[in-house]
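Please open the model in a viewer and keep the selection panel at hand. The tour below proceeds stop by stop, stating what to select and what is found there.

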Amino acid sequence: MARLVSRITPLLSGPVVITLVMIALFSLLSEGFFSPSNAVNIIRQASVLALVSFGQTFVILLAGIDLSVGAVMGLTSCVTAQLMLAGHVHPAVAALFGIATAAVCGLLNGMVHSFLGLNPFVPTFGMWGMALGAALIITEERVITGFPSSLRFLHDGEFLGLPAPLFLVAAVFLLLHLFLRATPAGVATYAIGGNEAAARLSGIRVRLHKTAIYAFSGFMAGIAGILFLARSNAAQAIDTIGYEFDSIAAVVVGGTSLMGGKGGVAQTLVGVALIATLRNGLNMVGVNLYLQLVFIGLGLILAYVSESRSLLPFLRLRRAKEA
Amino acid sequence: MKRCVWLGCLALVAVAALSGAALAAKAPGDVHVALVVKDLTNRFFVEMKWGGEAAGKQHGIKVTVLAPEKYAVDNQIRIMEDLIQKKVDAIVIVPIDGAGIVSGIERANKARIPVFNLNTLATGGEVIGFAGIDHVQLGRIQGQWAVDKLKGKGNVVILEGTTGASSAIERQQGVTEVLKKAPGVKVLASTTAKYNRQQAMKVMEDLLTRFPEIDMVLCANDAMALGAKEAIKDARRTMGVVGIDAIPETLEAIQKGEVAGTVDSNGFDQGFVAVDLTAKYLLKDQKPPKDTLVGSGMATVITKENALAFEKSKTEKFKKFGIKVD
Amino acid sequence: MTLSSRALYRVAAVTAILAAAWIFVPRFGTESNLINLLRQAFLLALVATGVSLTMLVAGLDLSIGAVAALSSCLAATVIVQGHVALGVLVGLAVGALGGLLNGVMIAKLKLPFFIMTFSMMFIVRGLALTYTQGTSIHGFPQSFTWLGKSFVGPVPMPVVLGGAVLGLLYLVLTKTTFGRITYAVGANAEAARFSGLAADRNLIRVYALSGLLASLSGLIYIARLNAADADLGMMWPLEGIAVAVIGGIAFSGGEGNILGLILGGIVMAVVGNCVNLLGLPARFQDFFIGFVIILVVLVDHLTQKRGKVAKSLAVHSHSVAKEGGP
Amino acid sequence: MAEPLLKMEGVSKSFPGVTALSRVDFDLLPGEVHVLIGENGAGKSTLIKMLSGVYPCDEGRILLDGRQVAIGSVRAAQELGVATIYQEMNLIPELTVAQNILLGREPRKARGLLLDAGAARRQSAELLASLGQHIDPDAQVKALSVPQQQMVEVAKALSMAARIVVFDEPTDTLAEKETEALFRMIRLLKAKGIGIIYISHRLEEIQKIGDRVTVLRDGHLIGTLPVAEVRLDELIRMMVGREITDQFPRHRQPRGEVALEVKHLSVRGALHDVSLTVHRGEIVGLSGLVGSGRTALARVLFGVDRRDAGEIRLFGTPAAIDSPLAASKLGLAFLTEDRKALGLFQILPVSDNIILAAIQRLFPHLWIDARGERAAAQEYVARLRIQTPSLSQLVQFLSGGNQQKVVLAKWLATHAKLFILDEPTRGIDVGAKLEIHRLMDELVAQGTPIVMISSEMPEILGMSDRIYVMREGRMVGEFAHHEASQERILTCAVGG
């Protein structure tokens, strides 16, 4: 039994405990919550936030921040929709072009930040405005629909009873987790976030690496934008505004430190699960909109406090023995 | 660091492999209808909520009214997905965007949950019926009244709703249709203020600067009309201001002469009719008509003359359903 | 602090933008437009004071919009019943309380500013909506609306109030012990603690002041709009950051002159104003704002970077020569 | 004479407005420890930075094994076998020992895509073993002690198959025992034929470890001599170019009454039953190895950490010091070991840095009048002879010595009644060090007591009136000035 306990306890970080407590609470209060179909529903709703939060995780690991992801997602979906509708471009090609646009936005963020040494808030905030403006201009502030809906399988499709986005998110998660843990570039990311000067002195090309990570964050926002397009089958520039703060919240609540060098995509996955479960649960229980906002705010604070000072006294006892 | 990979998988698997709770049998009085509106910070939708709840009380069914956290159609889709999981008996949806909401309706169709489309026409998905006012007609009423008031001659400025929103497009279509038939009336500018009071005040300030003489301001909703009239009052200019929705604050402004008139868009009636038809469909299996026009009866603009009469009839209606009006 | 060379670059850039607008944009130079511009600029600057103060202590207050909404709705309820002074006090008190809560949690419980103020944004917005249930509070007496609508000679009251607040803040920040400690905490919070300064107390006061300023901005806005609803200030955090960044406030803390906000406000107001005066669709505004932010900051950074490098070398040589020689 | 491993001929480097190095010759033989000394700004770090590829040299040639090389980047230097170990530990706290050692050069598998963790663990374990260390390669670096972290740095250098290893003031954070371990390890490297360049302020170390010593001043080569033929004061004269007569100024009055009395102070895991007394007009030296609890004691006295037991009496009255704020109000001052992180506001001007600690005293009623501020700052800039172009100069542009003077000025402005100085002259050049000692002497002469923590034996012996020695959080010895000697203190500190 002790061995089992010792294997499980390191998993029970604060946010995981909070998520499980929430699941239990919501299951008691609403009968539809604790069901496989609702689980599938939560996964679908959380998949877009997960993808964009993975990109944000990498930037925050560098002790940076990317405020542009919300607008860049919107730009991707609008570019792709317009290409398919007006340009009669094949959906796959249009999607690739959309993702490329997002990656370029990320690249610009990275270059302005790392080569000109500007605090990352500034270029990504400026990019937020430009990407939003560009998306609005492309779509003339209209909603674009009526394009071929072959992308929809990405979100609505099912395979072995599990939603398609689950496979996409799981594949991306494992790839990124492996990248961070087991590749030189992954370790370099932690090194730059932990001690940039030391990373540079170890021969890591810091500026190049940072630029690549911001471009990667743009790239992930692009993929999230495509999945968003598949989900709503309509493209509107302002629909994805808000994902920048939601993704930062998911990353930080999950346990990745804003100071950089600590955390990872696994923690972010938990953060995303927590936020998605919270929002779905409040709807299932039928809490009125106004109070829902209050509970989301309280939930975020509780999740963060639980991560930084772990809840279970038993856990703390174990950690004290180890230190 | 190994623990993190376990951590991620645990969260995914736990959520995916939950076992189903037993489905409670549905008692007739236990019918639950959800009304999803665009946002609950605008008085028009608050009255629609009251209408829906009133109809619910009449049929003895449970009605919950939900609105998205953010004015984005994706949030409405998320609410519909959650309602599907909650196994509500029917969803009445007022889409922020008729095209954007289609994938939400299709999901409800797949779950065999009937959907009633209200106020803004959805461009796809099966709905058991549509009720709403004829936005184009509202635009025409407003436009015609303005032309008559200006005796066919004068400068007009139009404040449109959120660009791309179906209701904004249709109301704009109605207004411009009428104004085109009056050569003497010149449309100086037609720009959006996103159905928002603060935005309307700012845009109006700039329009007052741009055009020294404006005779009439046509606003696609009352919130914008109230914002515009403040800017006009501050700039010590005089011109007619016409809105749509006939919310109480506008009626007060009409009596004070700050706003020339408004058009009733029957928020309460829309809510009531939609829930009423849905309840009848669920309880008495009466298929609602494909297209129900709500309350286009009051086909005239409410002005100083008939404002009091209109307000009295409205409060009586509310009282009938036991709704306390502040 | 004397107007350093960096500030001169910034003032020059803004005057260049103003001159260009004056020449190319029709009716930009008219008196009414300039008044609108000035009022808009100072209101934006006032909204940005909360964000800027918290940026000075290397933090950020994302809850200013929500705090403004809640405090102004509560104040409006009191003001509508005629007690204007009491209402204003209630508003300011609620604002300060919200800010105080932020400060205590950040300073004492060591919560990161992002999580605390981001969560407060949701919590306070929810409370405001619950309080007003989506309806607006309107009909303020003239003795209150003068806050937003009256003039002192040609100058609109918001400009006078905004100017007074910014002037006072400038004096507080540069000429009082509280101000110096604020810059010190922003530059190096640990060193401030080790220098025997009450760093935590200073943090709490800065966040409380940010909440107070947010509620003041809210009160002035509802005085202008002549109505208060829970929808107020949705975009204030982002607009505030934009004005602060253009105004030269550094995200990393301890650096930036509060008067720079006037320049930031002017740039934002000019962009919005020109888009309207040229009749461009509103969507161009977001693009230009993003573009201007990066442009102004790039120019500022390049001028600053060269300035810094030159200075550091000059000193290096100076001290080497001094120490080395007998 | 073996073929020189490294030869730098006529190397110079100038920045706009200053020549940091002019035509310096420097060479290094395989298996040799070549010590490099000189004041701050003498050009030591510039020479090393050129060798390790941080920036290119303007004139002159660098030859490795007789072949001319151009070292364009840090990576190029590493490939050429030049490894530099900087003073501030360049490790990544969150990563493991193995990850740190092999960062940037990790062994790979699966055609170079994935890291080979097993091979990395084996290689780093081997490297550490060759240095006589057994540190767990999977431990996180943040859990290691300072000396252990240093061994990881050296292991990292070895992993780069370094043929030249540069040590930049490595023993600053170490005490005797660890310095001995470091020298043993350096001798191991020598035996492997690796050339070592050793930069230090501690002149007494030269005899112990150096083969040859080179002195730089103002970017010029003063001389290179075999260590055997050189005397200490001669070296100092070459460095400073002026006669160092009385190294440590001492004009002391008789001891006053008890200023600070600490009885049975303990902090779980750091201090055990520590007692000491400090009298007015006296400098009390705190000696001991790193980790012996001297800084922990200072932090408790200044209210940074909470004490678990024991009593502190200040000027006769019991003092409950629970925060630096309370300590400063009671007239305590604390110059921390890490100037940059805890002592200074880098991006604020000199005047702010000086008046901030005393801001409540100087301006009791909130308002700061510009004249009063300038006068207060100017007074201390003059008194401490701080070299700064103006009062509004940002502190980050001052030299190390001037920065330390600013921190001292900050606390003098508070009219503190008792000073705690933690390594007051570390990393400062000899000239500035002298001035700091002069100021300390002046302060004590006026009766203000000083508690000084220092790892430099000459400074402890020279400046203190009484010396306490600490080991593992306990007070293990107390010597008056006349009875103290290097050997006695060392034996106490090491627990002999």
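**Stop 1: chain A as a whole**

Begin by selecting chain A, which contains 15 helices and 2 strands. The radius of gyration of chain A is 20 Å, close to the 20 Å that the globule rule gives for 323 residues, so chain A is as compact as a globular protein of that length. Please bear in mind throughout that this is a predicted model. Along the principal axes, the C-alpha atoms of chain A fill a box of roughly 65 × 55 × 40 Å. Of the 323 residues in chain A, 65% are buried. Among the contacts in chain A with a separation of 6 or more, 78% are between residues 24 or more positions apart.

**Stop 2: where chain A meets chain C**

Keep chain A selected and add chain C. Here 33 residues of chain A are in contact with 30 residues of chain C. On the chain A side, the elements that each give two or more residues are α6 (121-139), α12 (243-254) and α14 (289-308) of chain A. Which element supplies the largest share of this side? It is α6(A), with 14 residues. Colouring by residue class shows 27 nonpolar, 5 polar and 1 charged residues on the side of chain A that touches chain C.

**Stop 3: one residue, A:Glu141**

Now select A:Glu141, in the loop between α6 and α7 (153-156) of chain A. Is A:Glu141 buried or exposed? A:Glu141 counts as buried because it has 20 C-beta neighbours inside 10 Å, and a residue needs 20 or more to be placed in that class. Next, display its contacts, leaving aside the neighbours within four places in sequence. In chain A the contact is A:Leu136; from chain B come B:Thr163 and B:Gly164, and from chain C come C:Pro281 and C:Arg283. Then add A:Ala237 to the selection: A:Glu141 and A:Ala237 are 96 residues apart in sequence, yet their C-alpha atoms are 7.0 Å apart in space.

**Stop 4: chain B and its neighbours**

Turn to chain B. Of the 5 pairs of chains that touch, chains A and B have the most contacts between them. Chain B and chain D, by contrast, are joined by no contact, and their closest C-alpha atoms lie 10 Å apart.

Within chain B, colour the two domains separately: domain 1 covers 27-132 + 267-294, and domain 2 covers 135-263. The C-alpha centres of domain 1 and domain 2 of chain B lie 30 Å apart. Their contact takes 10 residues from domain 1 of chain B and 7 residues from domain 2 of chain B. The domain 1 side of this contact divides into 3 nonpolar, 5 polar and 2 charged residues.

**Stop 5: chain D as a whole**

Select chain D, with its 18 helices and 22 strands. The radius of gyration of chain D is 24 Å, close to the 23 Å that the globule rule gives for 496 residues, so chain D is as compact as a globular protein of that length. The C-alpha trace of chain D spans about 70 × 50 × 45 Å along its principal axes. Buried residues make up 49% of the 496 residues in chain D. Chain D is divided into domain 1 (6-240) and domain 2 (258-494), and the C-alpha centres of these two domains lie 32 Å apart.

**Stop 6: an open sheet in chain D**

Zoom in on an open sheet of 4 strands in chain D, whose order is β14-β13-β16-β17 and whose pairing is antiparallel. At the edges are β14 (271-279) and β17 (317-318) of chain D, each pairing on one side only. Strand β13 (residues 258-267) of chain D is joined to β14(D) by 6 bridges. To inspect one partnership, select D:Leu265, whose bridge partner in β14(D) is D:Val274. Now show helix α9 (residues 294-301) of chain D, which lies across β13, β14 and β16 (309-314) and runs at about 70 degrees to β14(D).

**Stop 7: a parallel pair in chain D**

Finally, select strands β18 (residues 332-335) and β19 (residues 418-422) of chain D, which pair in the parallel sense over 4 bridges. One partnership here joins D:Ala333 to D:Phe419 in β19(D). Which way do the residues of β18(D) point? D:Leu332 and D:Phe334 point one way, D:Ala333 and D:Leu335 point the other way, and all are buried.

Definitions and conventions:
Residues are numbered from 1 along each chain as its sequence is written. Chains are lettered from A and ligands numbered from 1 in the order in which they are written. This is a predicted model: local features need pLDDT of at least 70, side-chain atom pairs count only at pLDDT 80 or more; totals for chains, interfaces and linings use all residues. Two strands pair if DSSP finds at least two bridges between them. Two residues are in contact if their C-beta atoms, placed from the backbone, lie within 7 Å. Axes are lines fitted to C-alpha atoms, for helices over the stretch in contact, and angles run from 0 to 180 degrees between N-to-C directions. Domain bounds come from an automatic or database domain assignment. Ala, Val, Leu, Ile, Met, Phe, Trp, Tyr, Cys and Pro count as nonpolar, Asp, Glu, Lys and Arg as charged, and the others, Gly among them, as polar. A residue is buried if 20 or more other C-beta atoms lie within 10 Å of its own, exposed if 12 or fewer, and partly exposed in between; C-beta atoms are placed from the backbone. The radius of gyration is taken over C-alpha atoms; the globule rule is 2.2 Å times the number of residues to the power 0.38.
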